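The following exercises are to be solved with the sequence and the model at hand. Each task is followed by a solution in steps.

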Amino acid sequence: MRRQIPIALVDSSPLRISSEAAAYNPRVTVLNADLHCHSVVSDGTLEPEVLAARAHANGVELWALTDHDEIGGQQRACAAALQLGMSYLTGTEISVTFAGTTVHIVGLGFDARDPALVAGLSATRGGREARAREMAAGLALVGIHGSFEGALRYVGNPELISRTHFARHLVESGVCSDTREVFHNYLVEGKPGFVPHRWAALGDAVRWVTQAHGMAVIAHPGRYKFTANEEYALFSEFKSHGGRGVEVITGSHNAADFEKYADMAIEFDLLASRGSDFHSPDESHIDLGTLPPLPAKLSPVWEALAERVHRPS
Ligand code: AMP
Ligand code: MN
Ligand code: MN
Ligand code: MN
């Protein structure tokens, strides 16, 4: 049996303890932190305030909204979180092209007014409309007409038309029965609606976040179809640019991924993050705040970001 540690040690941790189990461990790994999700400001279906309420209802204690390539929802998300008594870290998920593949980098705890970050994200959003028109042209070649206009009806932010909006339109118009099927048949590489796109460079994305006093985190590494060598290169280059964290516990990982990326976090001396990647009650199989905790052997990103956390008064 583990000895119960004195409560004073627990109180010295940067954030509030969530469960009695934490009293056994001075490293606050059981905090219910959910540091990855999407609102209507990118490709989620809920408003930031509704997400905040859902996170809070599910027991989330530290939350971040991480819209794709966009920080337009940050003020609303932060205000809603604080009002509910939930701590908040600023967040975004930046689309990056690395080794010919799209990789996502989550930024946490940055200053959302930082001009270089704001400009970098704006530039990253810039190509989306032209890409969407090309996607629609590809779909028209296989008999699916009007998909640009159709997808636009699902878009909350005109600068952020994404594949997800096409998927929703194709489900609603009866082409497929769910969004997974749309991606599989139409929107991934080799399919008629897929258009290769050049996103931000890895080093640029990491620097935008880091120089704005935030932390860059590799999002859901288990989703990329890299060879072991390419994955090693991603982790090494990410670190050399100043990246500091990796998502270990995410809605995109299975149990084997949890173990693999816990080991890689240790191997690469990276801090570990946890986030559901929740998009929509109808589409997401993992709800806000419901994932397993980080393995206790890992150092959570939120310990290193303690000074960047917005806390309720
Ligand atoms: P985009 O940034 O336009 O390339 O869209 C990427 C988004 O599409 C991701 O953030 C996911 O929300 C969604 N997505 C990607 N692959 C799939 C898939 N296989 N099934 C459902 N959604 C997906
Ligand atoms: Mn998404
Ligand atoms: Mn992602
Ligand atoms: Mn995401």
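**Exercise 1: The surroundings of ligand 1**

An oxygen atom of ligand 1 lies 2.9 Å from an N or O atom in the side chain of His279. The model is a predicted one, in which local features need pLDDT of at least 70 and side-chain atom pairs count only at pLDDT 80 or more, while totals for chains, interfaces and linings use all residues. Residues are numbered from 1 along each chain as its sequence is written, chains are lettered from A and ligands numbered from 1 in the order in which they are written, and side-chain values use heavy atoms, with hydrogens and water left out.

*Task.* State which residues are around ligand 1, and give further polar contacts of its oxygen atoms.

*Solution.*

Step 1. The surrounding residues, each with a heavy atom within 4 Å, are Asp43, His68, His104, Arg128, Arg131, Ser162, Arg163, Thr164, Phe183, Arg223 and His279.

Step 2. A polar contact is a pair of N or O atoms within 3.5 Å; within protein, one must be able to donate a hydrogen and the other to accept it, and residues adjacent in sequence count only if both atoms are side-chain atoms.

Step 3. The side chain of Arg131 has an N or O atom 2.8 Å from an oxygen atom of ligand 1. For Arg163, a polar backbone atom is 2.8 Å from an oxygen atom of the ligand.

**Exercise 2: The manganese ions**

*Task.* Determine which protein atoms are the donors of the manganese ions that are ligand 2, ligand 3 and ligand 4.

*Solution.*

Step 1. Donors are N, O and S atoms within 2.8 Å of the metal (3.2 Å for Na, K and Ca); water is not among the atoms, so sites may look incomplete.

Step 2. Asp43 (OD), His68 (NE2) and His279 (NE2) coordinate the manganese ion (ligand 2) at 2.1 to 2.2 Å. Asp43 is in the loop between strand S1 (33-34) and helix H2 (48-57), and His279 is in the loop between S8 and helix H12 (301-304), so this pair ties together parts that are 236 residues apart in sequence. Helices (H or I, at least four residues) and strands (E, at least two) are DSSP runs, numbered from the N terminus. Asp43 and His279 are both buried, where buried means under 20% relative accessible area, exposed over 50% and partly exposed in between (1.4 Å probe, protein chains only).

Step 3. For the manganese ion (ligand 3), the protein donors are Glu93 (OE), His104 (ND1) and His220 (NE2), at 2.1 to 2.2 Å. Glu93 belongs to strand S4 and His104 to strand S5, so the pair ties together parts that are eleven residues apart in sequence. The spacing of the donors along the chain is E-x10-H-x115-H.

Step 4. The manganese ion (ligand 4) has the protein donors His36 (NE2), His38 (NE2), Glu93 (OE) and Asp277 (OD), which lie 2.1 to 2.2 Å from it. His36 and His38 are buried.

Step 5. The manganese ion (ligand 2) is 5.6 Å from the manganese ion (ligand 3), and 4.6 Å separate it from the manganese ion (ligand 4).

**Exercise 3: His104**

*Task.* Decide whether His104 is buried or exposed, and name its polar partner.

*Solution.*

Step 1. His104 lies in strand S5 and is buried, with a relative accessible area of 15%.

Step 2. The side chains of His104 and Glu93 make a polar contact of 2.9 Å.

Step 3. Taking contact as heavy atoms within 4.5 Å and not counting residues up to four places away in sequence, His104 touches residues including His68, Val217, Ile218 and Tyr224.

**Exercise 4: The sheet**

*Task.* Give the order of the strands in the open sheet of five strands, and describe the surroundings of S6.

*Solution.*

Step 1. The order is S4-S5-S6-S7-S8, with mixed pairing; two strands pair if DSSP finds at least two bridges between them.

Step 2. Strand S4 (91-98) and strand S8 (271-275) are at the edges with a single partner strand each, so one side of each has no neighbour in the sheet.

Step 3. S5 and S6 run antiparallel and are joined by four bridges, with Ile218 in S6 as the bridge partner of Ile105. S6 (residues 215-218) and S7 (residues 245-250) pair in the parallel sense over two bridges, and the partner of Ile218 in S7 is Val246.

Step 4. In a regular strand the side chains alternate between the two faces of the sheet. In S6 both faces are covered: Met215 and Val217 on one side, and Ala216 and Ile218 on the other, are all buried.
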